[in-house]
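Thank you all for making time this morning. Please have a look at the sequence and the structure on the screen before I begin, and keep both in view while I talk.

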Amino acid sequence: QVQLVESGGGLVQAGGSLRLSCAASGGTFSTYAMGWFRQTPDKEREFVAWNGGITYYADSAKGRFTISRDNAKNTVYLQMNSLKPEDTAVYYCAAALAIRPFSTARSYDYWGQGTQVTVSS
C-alpha cells in the first residue's frame, strides 16, 4: 500500500511562489509515475503536471510550475511561481503504478489527502 502526504500549501499573494511536497511511503517510489492535480469545489479534478522520468504540464502550468522528484527521498515536488488567484485550489499528488494517460485522474492508483493553496489578489 502506498501512502502519499502533501505539504507546503498556504496563503500567498498573487505573483508569489510556493513549493508543494509529496512524501511517499510503501512500495518502490522510483518506479511510480507521479502527478499533481488540483480541484476547486465547482470543478472536476484538473491535471497540473506529471513526472515519469520526463515531465508534462497542463497549459495553465507551463512556464510557471516545475515538477521534480527526489527518488532518494521518496518525494515529488511542485514549484509554483508567478501564482495567480485562479491557481487557488486543493492540490493533490497521485501515484500511478503503470504508464497510462497521465492527464486523467482515473490513471492513478493512489492519492494524497490534498493541501490547500490560496492566492490572494
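I will go through a sheet, then the nonpolar cores, and finally one loop residue.

Please keep in mind throughout that what you see is a predicted model.

Let me begin with the sheet, which is open and has 4 strands, arranged in the order β1-β3-β8-β7 with antiparallel pairing. At the edges stand β1, residues 3-7, and β7, residues 65-70, and each has a single partner strand, so one side of each is left without a neighbour in the sheet. If you compare the directions of neighbouring strands in this sheet, leaving aside which way they run, they are turned against each other by 15° on average.

Now to the pairings themselves. Strand β3, which covers residues 18-25, pairs with strand β8, residues 75-80, in the antiparallel sense over 6 bridges, and within this pairing Leu20 has Leu78 of β8 as its bridge partner. The pairing of β1 with β3 is also antiparallel and runs over 5 bridges, and here the bridge partner of Leu4 is Ala24 in β3.

Two of those names come back when we turn to the interior. Which residues have the most contacts inside the largest nonpolar core? They are Leu4, Trp36, Leu78, Met80 and Tyr91, in a core of 27 residues. At least two residues of this core come from each of β3, β4, β5, β7, β8, β9 and β11. Apart from this core lies another one, of 8 residues, including Phe37, Phe47, Ala58 and Ala94. As background, nonpolar side chains tend to be buried together in soluble globular proteins.

Leu78 deserves a closer look, and once we leave aside its neighbours within four places in sequence, its contacts include Leu18, Trp36, Val48, Phe65, Ile67 and Tyr91.

Finally, I would like to move to Leu97, which is found in the loop between β9, residues 89-96, and β10, residues 110-111. Is this residue buried or exposed? Leu97 is partly exposed, because its relative accessible area is 42%, which lies between the limits of 20% for buried and 50% for exposed. Leu97 and Ala33 are 64 residues apart in sequence, yet their C-alpha atoms are 6.7 Å apart in space. Beyond its neighbours within four places in sequence, Leu97 is in contact with Tyr32, Asp109 and Tyr110.

Note on methods: Residues are numbered from 1 along each chain as its sequence is written. This is a predicted model: local features need pLDDT of at least 70, side-chain atom pairs count only at pLDDT 80 or more; totals for chains, interfaces and linings use all residues. Side-chain values use heavy atoms; hydrogens and water are left out. Two strands pair if DSSP finds at least two bridges between them. Axes are lines fitted to C-alpha atoms, for helices over the stretch in contact, and angles run from 0 to 180 degrees between N-to-C directions. Buried means under 20% relative accessible area, exposed over 50%, partly exposed in between (1.4 Å probe, protein chains only). Contact means heavy atoms within 4.5 Å. A nonpolar core is a set of buried Ala, Val, Leu, Ile, Met, Phe, Trp, Tyr and Cys residues joined through side-chain atoms within 4.5 Å.
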